[in-house]
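Work through the exercises below with the sequence and the 3D view at hand. Try each task before reading its solution.

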Amino acid sequence: MDNPDNTVKPEHQEKDQSLRENVPHNAAQTATKKRPRSENDCPTEGAAKPRKIFKYGNYDRYYGYRNINETPKEDVRLQAFIAQKEMITGKQLLDIGCNNGSLTLLIAKHCHPARAVGIDIDGDLIGSARRHQTNMLKLCTENPDTFKALKHVEFRTVNYVYQDESLLASEKAQFDVILCLSVTKWIHLNFGDSAVKLTFKRVYRQLNEGGVFILEAQPWSSYKKKKKLTTAIFEQFKRITFRPDEFNRYLLGDEIGFREMFELKVADHTMKGFRRPIYAFRK
């Protein structure tokens, strides 16, 4: 296929790249961890080596962990979205916590939304997503519809959790599909119960009538593994009372108001820690 624009320019290059919303100064914090010293150590051997702490779940190798036995293009979740392709094709899509954009772009490639926006709290990951998008566009030489779908993906550095809850009143419907895949734990551990509920309220307001919220929530057991990641997270963990097993009931209840729920079937796979159900809620 001849490139219709002569130059490959993703959507994000045509917009203000300084767009920010409630984003921490440094999403990937660094810390030091020392190993015990012995009397045989050289003076430099006991020096603390910095390591990254991904306090927002913004792992820079997330898809390597998640798809340890597969390439990203074989992410088992992708088939669940392809099976529900009619929900996405020609629609407006938002992906909350998109990481490096791998799954966002694969959904765009295979399901052809009219427009997709991927957001993440980590600007470095958004930079990786944009580079990934540019590379995919260069390799897209066969299907003009796929090229168009990939070009109409935009990546932004955004914290979806409002700093000021009063902003919710001005939120307007603009998306047909909103994804929140393995993100709620990190919202919970960093910002608490109220932030998760506020996220769900914002999602509902941003969805058009008949739109779908697709949620893959981490189980409570996975919270316990990360509760001591930082002192602030541990304090927040101790205050949590709104458990993940209550999310579905809350989303369908009067406070939010989704009218129905159904499950997206994901094929069996080898990564035990990532065997999480994916539910869709229709407005």
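Four exercises with solutions follow, after a short note on the model.

This is a predicted model, in which local features need pLDDT of at least 70 and side-chain atom pairs count only at pLDDT 80 or more, while totals for chains, interfaces and linings use all residues. Residues are numbered from 1 along each chain as its sequence is written, and side-chain values use heavy atoms, with hydrogens and water left out.

**Exercise 1.** State how many helices and strands the protein chain has, and what share of its residues is buried.

Solution. Helices (H or I, at least four residues) and strands (E, at least two) are DSSP runs, numbered from the N terminus. The chain has ten helices and nine strands. Buried means under 20% relative accessible area, with a 1.4 Å probe and protein chains only. Of the 283 residues, 48% are buried.

**Exercise 2.** Describe how helix α3 and helix α4 pack.

Solution. Begin with the ranges: α3 covers residues 102–111 and α4 covers residues 123–139. Axes are lines fitted to C-alpha atoms, for helices over the stretch in contact, and angles run from 0 to 180 degrees between N-to-C directions. The angle here is about 30°, and the axes are 9 Å apart. Angles under 35 degrees count as roughly parallel, so α3 and α4 are roughly parallel to each other. Next, list the residues that meet, where contact means heavy atoms within 4.5 Å. From α3 come S102, L105 and K109; from α4 come A129, H132, Q133 and M136. By class, this contact of α3 with α4 has three nonpolar, three polar and one charged residues.

**Exercise 3.** Place I126 in the fold and list what it touches.

Solution. I126 lies in helix α4. With a relative accessible area of 0%, I126 is buried. Beyond neighbours within four places in sequence, I126 contacts C98, N99, G118, I119, D120, F155, R156 and T157. One of these partners, F155, is 29 residues from I126 in sequence, yet their C-alpha atoms are 6.2 Å apart.

**Exercise 4.** Find the largest nonpolar core and its best-connected residues.

Solution. A nonpolar core is a set of buried Ala, Val, Leu, Ile, Met, Phe, Trp, Tyr and Cys residues joined through side-chain atoms within 4.5 Å. The largest has 34 residues, and F200, F213 and L215 have the most contacts inside it. Helix α7 (residues 193–206) gives the largest share of this core, four residues. Apart from this core lies another, of 31 residues, including A116, M136, L150 and L181. Finally, F200 touches residues including F213, L215, F242 and F247, not counting those up to four places away in sequence.

Notes:
Angles under 35 degrees count as roughly parallel, over 145 as roughly antiparallel, 65 to 115 as roughly perpendicular and the rest as oblique. Ala, Val, Leu, Ile, Met, Phe, Trp, Tyr, Cys and Pro count as nonpolar, Asp, Glu, Lys and Arg as charged, and the others, Gly among them, as polar. Buried means under 20% relative accessible area, exposed over 50%, partly exposed in between (1.4 Å probe, protein chains only).
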